[in-house]
Amino acid sequence: MSALIELAGFTKHFAGTPVLQGVDLQVHEGEVIVILGPSGCGKSTLLRCLNGLEQGDGGTLRLAGEALTADSDWQRVRQQVGMVFQSYNLFPHMTVLDNILLGPLRVQGRPRAEAQAQAMALLERVGLAQRAHAWPRELSGGQQQRIAIVRALCMNPKVMLFDEVTAALDPEMVKEVLQVILDLAKGGMTLVIVTHEMAFARAVADRIVFMDGGRIAEQNDPERFFSSPQTARAQQFLERFSYVENLPGRKAS
């Protein structure tokens, strides 16, 4: 089966410092890939390269068999590769519905009635149809992040990229956003997710990709990765999370 996304020997440098070093990765249609790793290992840079927000310095990147370079039509490509960030980036002077419709109407030139019907259906899917005419300032962080997801979905992408989308949320808001992503995965959408939510990663992923130092150090299915990591670096990484989760309370004897 051909890959929807394929990177081979992919590299990226910032000011001469290597950030991605010979990354080889394939993502197949309908697959959910979760990228884990310590801060600074290149996870977010990799996602930004997939969306054309950063350009690689070497190797190849293909989407549905098409080679992508700095000269590619990235406006067209980004309609196929949706991305949601830590920050919601909603326009404060526009209602929820107008934020969602901006891309379908201005970029894709779709009929308003068609795009609005899809937007309302997606809002219903994430439990926010009643907030269509609200202003972003009237929404919680979790609600705004769900709107950002709907905005990306309304472009009908082939794949969705999620870059630490719960990092800026209060703990009680995290679950509602992760549930939306889990529902997308259950629906068969192709997803590439960067997260530090370990329980979520284990539940949603078809494959865990562990990065360290700009390289892919290990790949495995989630049960094997979390129960018996194959590299010492992955073991150290998981032990750190286990340590934090099992810290005793201040009053523990």
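**Group meeting: a pocket and the helices around it**

Okay, let's start with the largest pocket, which has a volume of about 610 Å³. Its lining counts 25 residues, and the closest to the pocket's centre are Arg78, Met83, Arg151, Ala152 and Met155. Before I go on, please keep in mind that this is a predicted model.

If you're wondering how anyone finds a pocket: rolling a probe the size of a water molecule over the atoms shows where empty space is left.

So, which helices and strands supply at least two residues each of the lining? They are helix H2, at 74-78, strand E6, at 81-84, helix H3, at 96-107, and helix H5, at 141-153. H3 gives the largest share, with six residues. What about the chemistry of the lining? By class, 15 of the lining residues are nonpolar, eight are polar and two are charged.

Now let's look at how the helices pack. Two packed helices are described by the angle between their axes and the distance between the axes. I'll go through three pairs, and H5 keeps coming back.

Pair one is H3 with H5. Their axes come within 8 Å and cross at roughly 30°. An angle under 35 degrees counts as roughly parallel, so that is how H3 and H5 lie to each other. The crossing of H3 past H5 is right-handed. Who touches whom? On the H3 side you have Val96, Asn99 and Ile100, and they meet Ile147, Val150 and Arg151 of H5. Sorted by class, this H3 and H5 contact has four nonpolar residues, one polar and one charged. Notice Arg151 here: we already met Arg151 among the residues closest to the centre of the pocket.

Pair two is H5 with H6, the helix covering residues 171-186. Here the axes also come within 8 Å, and the crossing angle is roughly 20°. Therefore H5 and H6 are roughly parallel to each other as well. H5 passes H6 in a right-handed crossing. The H5 residues in this contact include Gly141, Arg146, Ile149 and Leu153, and the H6 residues include Met173, Glu176, Val180 and Leu184. Taken together, the residues of the H5 and H6 contact are seven nonpolar, four polar and two charged.

Pair three is H4, residues 112-125, with H5. Is this one parallel or oblique? The axes come within 10 Å and cross at roughly 140°, which makes H4 oblique to H5. That crossing is right-handed too. H4 brings Gln118, Ala119, Leu122 and Leu123 to the contact, while H5 brings Ile147, Val150 and Leu153. By class there are six nonpolar residues, one polar and no charged ones.

To wrap up, follow H5 on the screen: H5 helps line the largest pocket, lies roughly parallel to H3 and to H6, and has H4 oblique to it. Thanks, everyone!

Key: Residues are numbered from 1 along each chain as its sequence is written. This is a predicted model: local features need pLDDT of at least 70, side-chain atom pairs count only at pLDDT 80 or more; totals for chains, interfaces and linings use all residues. Side-chain values use heavy atoms; hydrogens and water are left out. On a 1 Å grid over the protein atoms alone, a cavity is a set of points where a 1.4 Å probe fits but cannot get out, and a pocket is an open set with protein on both sides within 12 Å along at least five of seven lines; lining residues have an atom within 4 Å of a point. Grid points are joined across faces, edges and corners, and a volume is the space filled by probe spheres set on the points. Helices (H or I, at least four residues) and strands (E, at least two) are DSSP runs, numbered from the N terminus. Ala, Val, Leu, Ile, Met, Phe, Trp, Tyr, Cys and Pro count as nonpolar, Asp, Glu, Lys and Arg as charged, and the others, Gly among them, as polar. Axes are lines fitted to C-alpha atoms, for helices over the stretch in contact, and angles run from 0 to 180 degrees between N-to-C directions. Angles under 35 degrees count as roughly parallel, over 145 as roughly antiparallel, 65 to 115 as roughly perpendicular and the rest as oblique. A crossing is left-handed if the near helix is turned anticlockwise from the far one by less than a right angle, and right-handed if clockwise. Contact means heavy atoms within 4.5 Å.
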